[in-house]
Amino acid sequence: MKRRKALKQIGLGVTAGLALPTWLSSCEKDSPSPEINYDGVVGIIGAGAAGLIAADILISKGVKVKVFEAANRVGGRVCSLHRTDAPSDSLIMFPNNYPYSDFPFELGADRVNGSNSKWGEILKIRKVPLVDFRTLSADRYVIDNVVKNEAEALLHSDFVTAKNFKDNFSTFTGGAGLSVKQAATNAGVAAGMQGLINSWLGVPYGSSSERIGANALANGLSLIEHDGIELTLRNNPMQDTLLSVYSRVVPSIKFNTVVQSVNYTGDLIEITHSGGSETVNKLIVTVPVSILKAGDIAFSPGLPASKLTAMSRIGMEASMRVLIEFKRNFWGEDVAAIIGSAEGPMMLNAGVGRSTLNKALSITINGPKAEAFSVLTGDQVVESIIAEMDVWFGGDATENVRRSTLPGEENKLIYTIKDWTKDPFAKGGFSFPLTGGIPTDREALAAPVAGKLFFAGEATDTTGEFGTISGALKSGERAAFEVIDEIVE
Ligand SMILES: Cc1cc2nc3c(=O)[nH]c(=O)nc-3n(C[C@H](O)[C@H](O)[C@H](O)COP(=O)(O)OP(=O)(O)OC[C@H]3O[C@@H](n4cnc5c(N)ncnc54)[C@H](O)[C@@H]3O)c2cc1C
């Protein structure tokens with residue numbers, strides 16, 4: 001077996017090093033060994049899920065890595081609320097660091113998509129307690145300003161048409177220029193059901209149903225191999241869990257280091273960052289596609305046209321997480337999520353199976369609505385959501401929303417908002433195919449350049465799991481092995 005093929009067959013998995021059989025790690029000097037004798041250094045930009053797994057795999061093979069991370073923490077868009085978090089442009093909290101809730105609040109990724117997905121398997125092996133919340137609760141649908149359960153909703157023929165469209169969407173093969181919303185309209189979905197389509201096939205995929213390209217999204221969904229079971233972490237914050245899995249990468253991370261330019265003209269790659277400049281031999285770029293699209297990292301020579309074209313068809317838009325805790329749960333303890341509304345299109349009943357109180361909503365807003373909310377104050381955002389809920393619940397939201405009793409700040413609304421649009425190292429939520437996007441765009445985005453630059457991050461996932469932690473992990477794994485292939489040639 002060729003050496004590089006052998007390398008590919010080991011080390012996949014949790015932390016790649018832990019997966020190494022002992023006979024491989026205890027080889028004697030001069031005995032055949034799969035460890036890589038490489039004098040160079042592999043640079044990695046970004047310590048999110050993709051960067052962490054790539055670094056972990058390379059470290060496990062004995063390859064020196066340097067991870068450049070702009071923020072002061074690992075995780076990127078896997079970001080849990082901690083009591084030490086300070087408010088910033090993108091994190092609005094009132095009162096500051098108010099220690100409420102008996103379960104972790106997630107500001108970014110909050111669900112594991114697929115119990116047997118990459119991330120799901122890692123958590124299972126590590127015995128991280130998980131909640132299969134849909135076995136304990138079920139969705140509610142906002143139809144004509146009334147919140148209905150599935151049995152009630154199925155009495156509407158329009159709902160049945162919309163649900164069929166959603167259930168069969170992965171087989172859709174319409175024109176590349178169609179949005180999900182147009183595709184739904186063409187399939188006979190009534191205007192009154194478009195809110196539900198947005199909650200099913202818009203917001204969970206990064207924007208709104210009117211901006212996401214139907215063809216490329218459907219193609220992506222058709223590639224997914226996991227079981228689709230959605231889980232939450234019972235006790236552990238998502239970010240801390242990711243950190244614990246990849247903790248051995250931490251000593252190789254340069255925090256607060258914003259990469260500004262990459263010159264790969266010569267044999268060595270010159271990286272200029274906020275702390276100076278240095279050289280590496282290979283480089284894995286894992287920053288969000290929004291950062292690449294914004295030109296925040298100047299590449300010299302410029303990135304190939306194929307990559308720029310692919311990027312122009314992949315979107316990444318405004319995204320916001322709003323966490324509101326109420327005095328009591330008036331929407332129902334057995335509710336998984338309330339979906340179909342305009343102001344808060346995905347309201348996760350976040351405490352199901354993990355909170356004794358179960359009275360908090362974790363609301364995800366993406367695309368145009370998040371754009372509109374991003375220019376409002378936090379109070380205005382929460383008031384809009386509450387006003388809409390009041391219509392469904394006869395004023396219960398206003399009556400039960402928690403308000404401050406702090407002297408001088410009595411009655412101020414209590415909430416936490418993470419506005420990913422204002423996070424300078426994310427500039428949005430997660431990637432999605434724009435109308436006109438084609439399935440091969442992600443392959444073009446992922447393609448290595450000149451045997452020196454390698455690309456990872458959720459947007460480069462080619463297995464239909466873009467926009468997820470698993471997609472990011474798989475892309476980081478792929479890029480690490482692309483580098484290995486290159487350096488053991
Ligand atoms: C609101 C929201 C909800 C989500 N919900 C889910 C969910 O329920 N389930 C799920 O699986 N996924 C979810 N996701 C998506 C998931 O969080 C991402 O797909 C995944 O975390 C992306 O990982 P990544 O490594 O590709 O990118 P990132 O996590 O963004 O990592 C990139 C890193 O690069 C750093 N960086 C950026 N610019 C520079 C620079 N110039 N120099 C140096 N470093 C830089 C960033 O600071 C960051 O740490 C959600 C995302 C959001 C925003």
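Reader: What covers the buried residues of α12?

Author: Among the elements doing so are α11 (289-293), β15 (314-316) and α16 (441-446). Keep in mind that this is a predicted model. The helix itself, α12, spans residues 305-312, and K307, A310 and M311 are its buried members.

Reader: How do you know that these buried residues are on the same side of α12?

Author: Look at the arc around the helix axis. K307, A310 and M311 are buried, and they cover only 100° of arc, so they sit on the same side of α12.

Reader: What makes the peptide bond from S300 to P301 cis?

Author: Its omega angle is the clue: the value is near -5°, and the bond is cis. You will find P301 in the loop between β14 (298-300) and α12. Most peptide bonds are trans.

Reader: Why is N358 called buried?

Author: Count the C-beta neighbours. A residue needs 20 or more within 10 Å to be called buried. N358 has 20 inside 10 Å, so it counts as buried. Its place is the loop between β18 (346-349) and β19 (360-366). Its phi is near 50°, which is positive although the residue is not glycine.

Reader: And how do you know that K427 is buried?

Author: Use the cut-off again: 20 or more other C-beta atoms within 10 Å. K427 has 21, so it is buried. This residue lies in the loop between β20 (415-419) and β21 (431-433). Its phi is near 50°, a positive value, and it is not a glycine. Most residues other than glycine have a negative phi.

Reader: What makes β1 and β2 a pair of strands?

Author: Pairing asks for at least two bridges. Strand β1 (residues 41-45) and strand β2 (residues 64-68) are joined by five bridges, so they pair, and they run parallel. Within this pair, G43 is opposite K66, and V41 has K64 as its bridge partner.

Reader: Which helix does the chain pass through from β1 to β2?

Author: The path goes through helix α3 (residues 49-60), and the β-α-β crossover is right-handed.

Reader: How do you know that β2 also pairs with β9?

Author: Two bridges join β2 to strand β9 (residues 253-254). The cut-off is at least two, so this counts as a pair. The strands run parallel, and V67 has I253 as its bridge partner in β9.

Reader: What makes β1 mostly covered?

Author: Four of its five residues are buried. On top of its bridges to β2, β1 has four bridges to strand β13 (residues 282-285), with which it runs parallel. In that pairing, I44 has I284 as its bridge partner.

Reader: Which residues does I284 touch?

Author: Leaving out residues up to four places away in sequence, I284 touches V42, I44, A54, F454, A456, A479 and V483. I284 also belongs to the largest nonpolar core, which has 137 residues; A54, L58, I284 and V322 are those with the most contacts inside it.

Reader: Why does this core lie between domain 1 and domain 2?

Author: Both domains contribute to it. Domain 1 (3-74 + 246-315 + 436-487) and domain 2 (79-237 + 318-428) each give residues to the core, so the core lies between them.

How values were computed. Residues are numbered from 1 along each chain as its sequence is written. This is a predicted model: local features need pLDDT of at least 70, side-chain atom pairs count only at pLDDT 80 or more; totals for chains, interfaces and linings use all residues. A nonpolar core is a set of buried Ala, Val, Leu, Ile, Met, Phe, Trp, Tyr and Cys residues joined through C-beta atoms within 7 Å. A residue is buried if 20 or more other C-beta atoms lie within 10 Å of its own, exposed if 12 or fewer, and partly exposed in between; C-beta atoms are placed from the backbone. Domain bounds come from an automatic or database domain assignment. Two residues are in contact if their C-beta atoms, placed from the backbone, lie within 7 Å. A crossover is right-handed if, with the strands pointing away from the viewer, the path from the first strand over the helix to the second runs clockwise. The arc is that of the directions from the helix axis to the C-beta atoms.
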